[in-house]
Amino acid sequence: MIYSYKDKPIKVFGVPNIEKTGVFERLPSDVRKKLPSLEFLGRRTPGARVCFKTDAPRFTLKIGLESVSVDIGMSIYSCQSAYVYLGKRQNSKLLRIVNPPNYGVTSFEGVIEKGEGVDEITIWLPRNEVIKNVEILMADEYKIYPPTEYKYSVPAIYYGSSITECALASNPCASYNALISRHLDLDYYNFGFSGNCKGEDEMADYINTLEFSLFVYDYDHNAPTPEHLEKTHEIFFKKIREKNPFVPVIMISRPTATFGEDEKRRRDIVKKTYENALKNGDENVYFVDGEEFFKDFEDREVCFTDTVHPTDLGFYKMAEKIEPVIIKALLKL
């Protein structure tokens, strides 16, 4: 029996509108036309998960990608591989990595040995490439069942830079938002866009077409100047708030290995948006200071690969600070 990712009761999480379109993409074509720099980035889907239950003791996972390209800062394991987890999400364990053998292969597969019984399967899909197809192959006598819904089934939205998009993590499950999703059983959309997340009105308008439980934004790193950040940050918040008056909004200033005057100025801009919201009576806003992620950690240098992008340890440290704020926000819902 061959199942496509489109076949019920398999469900894809983390990809807006895929149940209607059947296409792996974060941004529809009309939004990409308005923001040409996101033509490719809007089609790849970091944070995408294929989920189901099955009684099959083994199955084959086949992945088809539009291309496989070298990333200077990340390996095939980071960029083009699928990570298969077994069990309930908050306690799930890695079963196998399915990856292309080299950069010349765009279609690849692996056999998953999970053992007897009905088990929950979560497949974290590749981060860097446009996904063409995902197939599950198993013997005809076995079945696929619907996955368990997330405890927090209305997705959170994370909007930000390449850090938000999981850049330079060792695998697609190691970003701070992926860690928080597993810890809290929280569905989410990853709207991190490497080098191209600048608080555009068109992005706010698109986000406002989606249903989401909370909004986290940290595009500080992609704002080309503090002046650009100041010009866009509060306006972006207000556009989101107009359509979503009660959704918790979490504002984060940039994480960095060193914290100088530029970082302080940017942090003050982000914090001002937060403080103005409080002054206007908004009780559902939160601020996370990027300096606090690694401030008291003696070996903070090992939290970064290139002084900008976190290592897995750096992402874990970020999750440690952001997760309690998200828990607090979710308790208000």
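Colleague: Which residues line the largest cavity?

Modeller: Arg89, Ser92, Thr122, Trp124, Tyr150, Ser181 and Arg182 do. Keep in mind that this is a predicted model.

Colleague: How big is that cavity in volume?

Modeller: The largest cavity comes to about 40 Å³. The count of cavities of 30 Å³ or more is 1.

Colleague: Which elements supply at least two residues each to its lining?

Modeller: Strand 8, residues 119-124, and helix 4.

Colleague: And how does that lining divide into nonpolar, polar and charged?

Modeller: The lining of the largest cavity has 2 nonpolar, 3 polar and 2 charged residues.

Colleague: Back to helix 4 for a second. Is it mostly covered or mostly open?

Modeller: Mostly covered. Helix 4 runs over residues 176-184, and 7 of its 9 residues are buried.

Colleague: Which ones are buried?

Modeller: Tyr176, Asn177, Ala178, Leu179, Ile180, Ser181 and Leu184. Ser181 also turns up in the lining of the largest cavity.

Colleague: What follows helix 4?

Modeller: Asp185 does, and its phi is positive, near 60 degrees.

Colleague: OK, switching to pockets. What volume does the largest one have?

Modeller: The largest pocket is about 430 Å³. It is lined by 19 residues, and the closest to its centre are Val15, Asn17, Glu19, Pro155 and Tyr189.

Colleague: Which elements give two or more residues to that lining?

Modeller: Strand 2 (11-13), helix 1 (18-21), strand 11 (152-160) and strand 12 (186-192). By class, the lining of the largest pocket splits into 9 nonpolar, 4 polar and 6 charged residues.

Colleague: What about the second largest pocket, what's its volume?

Modeller: About 260 Å³. It has 13 lining residues, with Lys6, Lys8, Ile10, Lys11 and Glu19 nearest its centre. Strand 2 and helix 1 are the elements that give two or more residues to this lining.

Colleague: Hang on, Glu19 again?

Modeller: Yes. Glu19 is among the residues closest to the centre of the largest pocket, and it is also among those nearest the centre of the second largest one.

Colleague: And what classes of residue line the second largest pocket?

Modeller: There are 7 nonpolar, 1 polar and 5 charged residues in that lining.

Colleague: Now cysteines. How many disulfides does the structure hold?

Modeller: The number of disulfides is 0. Take Cys79: the nearest cysteine sulfur belongs to Cys166 and is 9.1 Å away.

Colleague: Why is Cys173 not bonded to Cys166?

Modeller: Because the distance is too great: the sulfur of Cys173 is 8.0 Å from that of Cys166, its closest cysteine sulfur. A disulfide here needs the two sulfurs within 2.5 Å.

Colleague: Are Cys79 and Cys173 buried or exposed?

Modeller: Cys79 is buried, at 1% relative accessibility. Cys173 is buried too, with a relative accessible area of 1%.

Colleague: Next, salt bridges. How many does the count come to?

Modeller: The count comes to 23 salt bridges. One of them joins Arg32 and Glu25, where the closest N and O atoms are 3.0 Å apart.

Colleague: Is Arg32 buried or exposed, and what about Glu25?

Modeller: Arg32 counts as buried at 8% relative accessibility. Glu25 is buried as well, with a relative accessible area of 15%.

Colleague: What do the side chains of Glu291 and Arg267 do?

Modeller: They meet in a salt bridge, 2.8 Å from N to O. Glu291 sits in the loop between strand 15 (285-288) and helix 8 (312-331), while Arg267 is in helix 7 (residues 261-279), so the pair ties together parts that are 24 residues apart in sequence. Both Glu291 and Arg267 are buried.

Colleague: And Glu292, which residue forms a salt bridge with that one?

Modeller: Lys295, with the closest N and O atoms 3.6 Å apart. Here Lys295 is partly exposed, with a relative accessible area of 42%, and Glu292 is also partly exposed, at 31% relative accessibility.

Colleague: Last one. Which residues are linked in a network of salt bridges?

Modeller: Asp220, Arg254, Asp262, Glu263 and Arg266 are linked that way.

Key. Residues are numbered from 1 along each chain as its sequence is written. This is a predicted model: local features need pLDDT of at least 70, side-chain atom pairs count only at pLDDT 80 or more; totals for chains, interfaces and linings use all residues. Side-chain values use heavy atoms; hydrogens and water are left out. On a 1 Å grid over the protein atoms alone, a cavity is a set of points where a 1.4 Å probe fits but cannot get out, and a pocket is an open set with protein on both sides within 12 Å along at least five of seven lines; lining residues have an atom within 4 Å of a point. Grid points are joined across faces, edges and corners, and a volume is the space filled by probe spheres set on the points. Helices (H or I, at least four residues) and strands (E, at least two) are DSSP runs, numbered from the N terminus. Ala, Val, Leu, Ile, Met, Phe, Trp, Tyr, Cys and Pro count as nonpolar, Asp, Glu, Lys and Arg as charged, and the others, Gly among them, as polar. Buried means under 20% relative accessible area, exposed over 50%, partly exposed in between (1.4 Å probe, protein chains only). A salt bridge is a side-chain nitrogen of Lys or Arg within 4 Å of a carboxyl oxygen of Asp or Glu.
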